[in-house]
Amino acid sequence: MMVDGGGLMDQRKGIMKIRHVNNKVRYVKRPIKKKNNRSSYRERKDPKVLQKLFDSCREVFKGPETVPSDSDVNKLCSILDEMKPKHVGLSKNMQFFKSKSVAKGTPSVSYTPIYQCDEFSLCIFFLAANAVIPLHNHPGMTVFSKLLLGDLHIKSYDWVDSMPPPESQPRLAKLKVDSVLKAPCKTSVLYPTTGGNIHEFRAVTPCAVLDVLGPPYSKDDRDCSYYKELQHSALSGK
């Protein structure tokens, strides 16, 4: 919740695990091939666009501790803005995206890796209607998110202070985005300290989100932390 443009967050670790891709795939002189982890995930009809994104990522991302220049960000956004579901083998006519009923239990969130190396990763998240990826961060990362299908509510924050308090203490954050995106739409970009680095995804309808992360998560020094919003009054006593 926000008070005077800020909100308080209480960090929670271990709520859920981010899946890491352990095998490091290196570039070879042939088009990349995606890993097919879903029975409804069809072969892409136009691999050239995905290959163009891959080649551009190799040029843009230089490894940890680096942030792409404005021109490089614009370059990747221009490619992602033109990407359509068919470029990654998806269609709005697939049963997953046509379903309007709410499944019993916790709505599913699944993850399909396309490529990962030390410098960047490409992946697609599938969110059933009402599914949530809780509030989480992207330490030292620049992330491009392209909503390919569905309606997705995004809520994101940036820290107010650069120096964190002790881990057990809540931390003041300012709201950056609180809106619903409807595919097709422009690419969202977040940076290591700006642009809504801490965000939550909540699916209004079944969604597919293509993510480009540079550098990717790492169990050693870029692991994911999850957060809980707190009412300002709950801590101030007002």
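Q: Leaving aside neighbours within four places in sequence, what is leucine 53 in contact with?
A: In this predicted model, leucine 53 is in contact with Leu76, Ile79, Leu80, Met83, Leu122, Leu210 and Val212, once its neighbours within four places in sequence are left aside.

Q: Which core has Leu53 among the residues with the most contacts inside it?
A: The largest nonpolar core, which has 32 residues. Leu90 and Leu122 are named with Leu53 as having the most contacts inside it.

Q: Which elements each supply at least two residues of this core?
A: Helix 1, helix 2, helix 3 (95-98), strand 3 (109-116), strand 4 (121-127), strand 6 and strand 11. Helix 1 gives the most, with six residues.

Q: What does the second, separate core include?
A: That core has 22 residues, and Tyr111, Leu127, Phe201 and Val209 are among them.

Q: Back to helix 2. How far does it reach from its first C-alpha to its last?
A: Helix 2 covers residues 70-81, twelve residues, and reaches 16 Å, close to the 16 Å expected at 1.5 Å a residue.

Q: And which residues of helix 2 are buried?
A: Val73, Leu76, Cys77, Ile79 and Leu80. They cover an arc of only 160° around the axis, so they sit on the same side of helix 2.

Q: What about Asp70 and Asn74, which side are they on, and are they buried or exposed?
A: Asp70 and Asn74 are on the other side of helix 2, and they are exposed.

Q: What do the buried residues of helix 2 pack against?
A: Helix 1 (47-60), strand 6 (142-149), strand 9 (188-190) and strand 11 (207-214).

Q: Different topic: how many aromatic pairs does the structure hold?
A: Ten. In one of them, phenylalanine 61 and phenylalanine 144 have ring centres 6.3 Å apart and planes at 80°, so the pair is edge-to-face.

Q: Where in the chain are those two?
A: Phenylalanine 61 is in the loop between helix 1 and helix 2, while phenylalanine 144 is in strand 6. They are 83 residues apart, so the pair links distant parts of the chain.

Q: Are they buried or exposed?
A: Both phenylalanine 61 and phenylalanine 144 are buried.

Q: Which residues form an aromatic cluster with them?
A: Phe54, Tyr115 and Phe120 join Phe61 and Phe144 in one aromatic cluster.

Q: Now the whole chain. How many helices and strands?
A: Four helices and twelve strands. Of the 238 residues, 46% are buried.

Q: What is the accessible surface?
A: About 12,800 Å², with 50% belonging to carbon and sulfur atoms.

How values were computed. Residues are numbered from 1 along each chain as its sequence is written. This is a predicted model: local features need pLDDT of at least 70, side-chain atom pairs count only at pLDDT 80 or more; totals for chains, interfaces and linings use all residues. Side-chain values use heavy atoms; hydrogens and water are left out. The expected span of a helix is 1.5 Å times one less than its number of residues. Buried means under 20% relative accessible area, exposed over 50%, partly exposed in between (1.4 Å probe, protein chains only). The arc is that of the directions from the helix axis to the C-beta atoms. Contact means heavy atoms within 4.5 Å. A nonpolar core is a set of buried Ala, Val, Leu, Ile, Met, Phe, Trp, Tyr and Cys residues joined through side-chain atoms within 4.5 Å. Accessible areas come from the Shrake-Rupley method with a 1.4 Å probe; for residues, only the protein chains shown count as cover. Rings of Phe, Tyr and Trp (its six-membered ring) pair if their centres lie within 6.5 Å; planes under 30 degrees apart count as stacked, over 60 as edge-to-face and the rest as tilted.
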